[in-house]
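Trainee: Could you take me through one part of this model up close? I'd like to start from a single side chain and work outward from there.

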Amino acid sequence: MARIKPQALLLQSKKKKAPSGVSVPTIIVYILIVAVMVFSLFSTYKYWARRSIVQTQDGISNRKFIERKKSDIPNYALISTSKGQITVELYKDGSPDIVNEFIDFSQKGHFKGMQFTRVIKNFVIQGSKIENPEATEDWTSRGKHYSQLDTSLKHEAFMLGTSKAKHEGGGFDLFITTAPIPDLNDKINVFGRVIKGEDAVQEIEEVDTDDHYRPKTPVQINEVTLKHKT
C-alpha cells in the first residue's frame, strides 16, 4: 500500500477545516430584507406623522366652524303684530337649545298668522296655534292669584318664553310677561326679553277679552324676522 506524503496530508487537513464562504446571492437577500425593514419603518413613521398633522388641522377647523356657526345665530327677533312691532333680544348663550328651536320655527314660517289666544292683564299674553284648555285654566288661576301679590317679585315683565309642556304636533307657543311673575321658570322656558316695542305689548294687553281671556277682536303675529343687529 502506497504511503501518503506528510505534505499531502497537511494540505487535505487545511481543505477540510477551511470555513465555507457566504455566497453572493445570500448577501443580496440579506441586504434586500434590511432595506425592506427600513423602508417599512420609514413609511409607518411618515404615515403617523401626517395623520397627526391632519388631526390637528381638523381640530382647528372644527373649532373655527363651531365659532362661526355660533356667530351666525341671530341676536334679535323682530315680531311684527297687528298692534305694532316688538323687538326681542334672544338669550342664545343662556338658552341655546330653545333659541335654536325658535329660530327653526321662525324660518319655517310657523309664527306667521299666529293668534294671541290668551291675554291676561297684568300677567301674560300668549300666542299659540294649539288649544290647551287645561293649561289655560292653570294660567288663568295663576293670573288671578298674582294680581293680588306684592310687586317685589323675582322676575321682570316683558320676558319672552315658551311653555315647558310638550305640544302635540310639535307646536311652539310664545309667552310675553306683562308683569313680574315669581315662579316664571316653573311653567315657561325663558329665552329672550323685549327691548323695544313694550307699547305694542301693552296695547295687546289692553284688548277686550271674553270670560276665558280670549281676545274678542283677533290679534295676530304677522311675521317674525331674525336679525344680527337691531
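Mentor: Let's start with Glu 89, bearing in mind that this is a predicted model. Glu 89 has a relative accessibility of 23%, and because buried means under 20% and exposed over 50%, it counts as partly exposed. Its salt-bridge partner is Arg 193, and the closest N and O atoms of the two are 3.2 Å apart. That pair ties together distant parts of the chain: Glu 89 sits in strand β2 (residues 84-90) and Arg 193 in strand β7 (residues 188-196), 104 residues apart. Arg 193 is partly exposed as well, at a relative accessible area of 33%.

Glu 89 also has a place in the strand pairing, since Tyr 76 stands opposite Glu 89 in β2. Strand β1 (residues 76-81) runs antiparallel to β2, with 6 bridges joining them. Two helices come in here. Helix α3 (residues 96-107) packs on the sheet and touches β1, β2, β5, β6, β7 and β8, with its direction at about 120 degrees to that of β8. Helix α6 (residues 198-205) packs on the sheet too, touching β1, β2, β3, β4, β6 and β7, and the angle between its direction and that of β2 is about 120 degrees.

Now step back to the whole sheet. It's an open one of 8 strands, paired antiparallel, in the order β3-β4-β6-β5-β7-β2-β1-β8. At the edges you have β3 (115-120) and β8 (221-227), each of which pairs on one side only. From one strand to the next, the twist averages 30 degrees.

Strand β6 (residues 174-177) is worth a stop, as both of its faces are covered. Leu 174 and Ile 176 are buried on one side, and Phe 175 and Thr 177 are buried on the other. For its neighbours, look at strand β4 (residues 124-128), which pairs with β6 in the antiparallel sense over 4 bridges. Gln 126 has Phe 175 as its bridge partner in β6. Strand β5 (residues 159-163) also runs antiparallel to β6, joined to it by 2 bridges. There, Leu 160 has Ile 176 as its bridge partner.

Back to charged pairs: the model has 4 salt bridges, and the one at Glu 89 has been covered. Another joins the side chains of Lys 108 and Asp 104, at 3.2 Å from N to O. Lys 108 is exposed at 64% relative accessibility, while Asp 104 is partly exposed, with a relative accessible area of 33%. Then there's Arg 214 with Asp 210, whose side chains meet at 3.1 Å, N to O. Both ends of that one are partly exposed: Arg 214 has a relative accessible area of 34% and Asp 210 one of 26%.

Finally, the chain as a whole. You'll find 6 helices and 8 strands in it, following the pattern α-α-β-β-α-β-β-α-β-β-α-β-α-β along the sequence. Of its 230 residues, 32% are buried. The accessible surface comes to about 15700 Å², with 55% of that belonging to carbon and sulfur atoms. As for contacts with a separation of 6 or more, 68% are between residues 24 or more positions apart. The Arg 193 and Glu 89 pair we began with, at 104 residues apart, links distant parts of the chain too.

Definitions and conventions. Residues are numbered from 1 along each chain as its sequence is written. This is a predicted model: local features need pLDDT of at least 70, side-chain atom pairs count only at pLDDT 80 or more; totals for chains, interfaces and linings use all residues. Side-chain values use heavy atoms; hydrogens and water are left out. Buried means under 20% relative accessible area, exposed over 50%, partly exposed in between (1.4 Å probe, protein chains only). Two strands pair if DSSP finds at least two bridges between them. Contact means heavy atoms within 4.5 Å. Accessible areas come from the Shrake-Rupley method with a 1.4 Å probe; for residues, only the protein chains shown count as cover. Axes are lines fitted to C-alpha atoms, for helices over the stretch in contact, and angles run from 0 to 180 degrees between N-to-C directions.
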